[in-house]
Amino acid sequence: AGRGLTARLTRPANLVGDLDEAASLAERTMSAPASDPLARVLARVMLASRAVKDGRFERAVDLLEGEDLGPFNRVIGSLVLAWAYSGLDQPDAAIMR
């Protein structure tokens, strides 16, 4: 029950703009041994967003590149990935997102 609650709280915390709290919940979701696959995808997008905010562009790329993000998270994940590649001064890779 705790894992499900954490996953359900990650999105609302992000939607109200508390990136640090959402990232904290995302870290807990990623560390749970059998967390919901959809929650893990959302957690990856959340952690990549925080990595871009913190200037850790390679970390953001590592979290998102090659992952099956699903339809909704693919849109957001592609934008985060484009920002990460832009931060790495790789405009061609950023545009391909």
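A nonpolar surface patch here joins Val, Leu, Ile, Met, Phe, Trp or Tyr side chains within 5 Å, taken from residues that have over 30% relative accessible area and no salt bridge. With that in hand, welcome to this predicted model, in which Phe 72, Val 75, Ile 76, Leu 79 and Trp 83 make such a patch of about 540 Å². The chain has 97 residues, and its secondary structure comes to 6 helices and 0 strands. Below is a tour by topic.

**Overall picture**

- Reading along the sequence gives the pattern α-α-α-α-α-α.
- Of the 97 residues, 41% are buried.
- Among contacts with a separation of 6 or more, 40% are between residues 24 or more positions apart.
- The chain exposes about 5,800 Å², and carbon and sulfur atoms supply 56% of that area.

**The nonpolar patch**

- Phe 72, one of the patch residues, sits in helix 5, which covers residues 70-87.
- Phe 72 has a relative accessible area of 46%, so it counts as partly exposed; that value also clears the patch cut-off of over 30%.
- A reminder about helices is handy here: an α-helix has 3.6 residues a turn, so residues three or four places apart point the same way.
- The other members of the patch are Val 75, Ile 76, Leu 79 and Trp 83.

**Helix 3**

- Helix 3 runs over residues 37-53, a length of 17 residues.
- From its first C-alpha to its last, helix 3 reaches 25 Å, close to the 24 Å expected at 1.5 Å a residue.
- Helix 3 is largely enclosed by the rest of the structure, because 12 of its 17 residues are buried.
- The buried set in helix 3 includes Val 41, Leu 42, Val 45, Met 46, Leu 47 and Val 52.
- Alanines also belong to that buried set, among them Ala 39, Ala 43, Ala 48 and Ala 51.
- Two arginines, Arg 44 and Arg 50, are listed with the buried residues of helix 3 as well, and both return under the salt bridges.

**Salt bridges**

- The structure holds 3 salt bridges.
- Glu 27 pairs with Arg 50, and their closest N and O atoms are 2.3 Å apart. Glu 27 belongs to helix 2 (residues 19-31) and Arg 50 to helix 3, so this pair ties together parts that are 23 residues apart in sequence.
- In that pair, Glu 27 is partly exposed at 38% relative accessible area, whereas Arg 50 counts as buried at 17%.
- Arg 44 and Glu 67 meet through their side chains at 3.6 Å, N to O. Arg 44 is in helix 3 and Glu 67 in the loop between helix 4 (57-64) and helix 5, so this pair too links parts 23 residues apart in sequence.
- Glu 67 is partly exposed, with a relative accessible area of 36%.
- Asp 54 forms a salt bridge with Arg 56, with 3.9 Å between the closest N and O atoms.
- Both partners of that bridge are partly exposed: Asp 54 at 44% relative accessibility and Arg 56 with a relative accessible area of 37%.

**Backbone points to check**

- Gly 55, just after helix 3, takes a positive phi of about 80 degrees.
- Asp 89 is not a glycine, yet it has a positive phi of about 60 degrees.
- Asp 89 is placed in the loop between helix 5 and helix 6 (91-95).
- With a relative accessible area of 65%, Asp 89 is exposed.

Terms used. Residues are numbered from 1 along each chain as its sequence is written. This is a predicted model: local features need pLDDT of at least 70, side-chain atom pairs count only at pLDDT 80 or more; totals for chains, interfaces and linings use all residues. Side-chain values use heavy atoms; hydrogens and water are left out. Helices (H or I, at least four residues) and strands (E, at least two) are DSSP runs, numbered from the N terminus. Buried means under 20% relative accessible area, exposed over 50%, partly exposed in between (1.4 Å probe, protein chains only). Contact means heavy atoms within 4.5 Å. Accessible areas come from the Shrake-Rupley method with a 1.4 Å probe; for residues, only the protein chains shown count as cover. The expected span of a helix is 1.5 Å times one less than its number of residues. Patches are made of residues with over 30% relative accessible area and no salt bridge: like charges are joined within 9 Å, nonpolar side chains (Val, Leu, Ile, Met, Phe, Trp, Tyr) within 5 Å. A salt bridge is a side-chain nitrogen of Lys or Arg within 4 Å of a carboxyl oxygen of Asp or Glu.
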